[in-house]
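This report introduces selected features of one structure to a reader who has not met it before. The sequence and the model are shown first.

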Amino acid sequence: MRHHTNPVGTEWRWKTDNADDILREALENHYQMIKQFRGVPGVQADKLAEGMNAQHCALSLVGEPIMYPKINDLVRLLHQKKISTFLVTNAQFPDAIRALIPVTQLYVSVDAGSKEELKRIDRPLFRDFWQRYLDSLEALGEKSQRTVYRLTLVKDWNVDQLEGYISLVKRGDPDFIEVKGVTYCGESKASTLTMVNVPWHEEVMEFVSQFVGHLSDYEVACEHEHSNCVLIAHKRVSEQA
């Protein structure tokens with residue numbers, strides 16, 4: 001959901017840093033922060049040592065990581081260092097999804113079940129945003145790797161679009177579906193969200209129960225109440241395990 005004031009665009013038009021520079025500086029900054037915990041009461045030495053050995057990288061949160069022209073180079077470098085890659089895309093760049101080399105786990109944000117609600121929630125920049133959305137989900141379904149739909153429920157906005165979501169799942173056939181309640185981060189000029197829009201965990205569970213009831217190939221894998229999140233897994237995942 002584009003409720004922030006960071007730079008946005010339909011194409012890459014910024015300075016392009018080399019992938020090796022990004023990784024090197026990211027690791028240096030990470031380790032510098034970890035070092036600050038040396039000597040802090042309660043910090044366990046073995047956990048501190050773990051922190052000095054980065055194992056996972058989240059290519060997500062702010063912005064659209066798949067727009068970065070050298071994203072495949074960055075992924076390769078991370079994997080060479082035995083660092084897993086967790087990438088989230090906003091389902092507006094289907095060609096980039098197809099061109100992306102395998103990451104450890106590829107997420108697509110599925111923020112709405114209809115064209116009208118997607119326009120209201122995400123405020124997309126492309127005129128053909130809905131077709132791009134559908135094409136992105138189909139591109140995800142073509143990937144030979146672990147794939148995930150991320151559904152962020154916003155009360156009074158997108159929780160009543162069950163049929164639309166069901167249709168979208170069939171289009172992309174993801175391995176997992178992560179359903180979570182939206183997190184309220186305070187007042188912002190870029191967003192009209194309030195605490196009223198945050199669903200209770202019981203409401204998320206009720207949505208998931210109805211959702212899975214219409215998806216014969218999926219089942220609830222686990223839930224985490226504190227995170228207000230539920231994980232749905234395709235039955236083929238448990239069969240492979």
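In which helix do Arg24 and Glu28 both lie, and how many residues apart are they? Both belong to helix α1, at a separation of 4 residues, about one turn of the helix. Helices (H or I, at least four residues) and strands (E, at least two) are DSSP runs, numbered from the N terminus.

The model is predicted: local features need pLDDT of at least 70, side-chain atom pairs count only at pLDDT 80 or more, and totals for chains, interfaces and linings use all residues. Residues are numbered from 1 along each chain as its sequence is written, and side-chain values use heavy atoms, with hydrogens and water left out.

**Salt bridges**

The structure contains 14 salt bridges, each defined as a side-chain nitrogen of Lys or Arg within 4 Å of a carboxyl oxygen of Asp or Glu. Three of these pairs are listed below with the distance between N and O atoms.

| Pair | N to O distance | Citation |
|---|---|---|
| Arg24 and Glu28 | 3.8 Å | α1 |
| Arg76 and Asp73 | 3.3 Å | α3 |
| Asp173 and Arg236 | 3.0 Å | loop and α9 |

Arg24 is partly exposed at 40% relative accessibility, and Glu28 is partly exposed at 45%; this class lies between buried (under 20% relative accessible area) and exposed (over 50%), with a 1.4 Å probe and protein chains only. Arg76 and Asp73 are 3 residues apart in helix α3 (residues 71–80), and their relative accessible areas are 41% for Arg76 and 36% for Asp73.

The salt bridge between Asp173 and Arg236 joins the loop between α7 and β5 (176–181) to helix α9 (residues 235–240), so the pair ties together parts that are 63 residues apart in sequence. Asp173 is partly exposed at 37%, as is Arg236 at 21%. Elsewhere, shared partners link Asp21, Arg24, Glu25 and Glu28 into one salt-bridge network.

**Packing of two helices**

Helix α6 (residues 129–141) packs against helix α7 (residues 162–172) at about 45 degrees, with the axes 7 Å apart. Axes are lines fitted to C-alpha atoms, for helices over the stretch in contact, and angles run from 0 to 180 degrees between N-to-C directions. The two helices α6 and α7 are therefore oblique to each other, an orientation outside roughly parallel (under 35 degrees), roughly antiparallel (over 145) and roughly perpendicular (65 to 115). Residues of α6 including Tyr133 and Leu137 meet Leu168, Arg171 and Gly172 of α7, where contact means heavy atoms within 4.5 Å.
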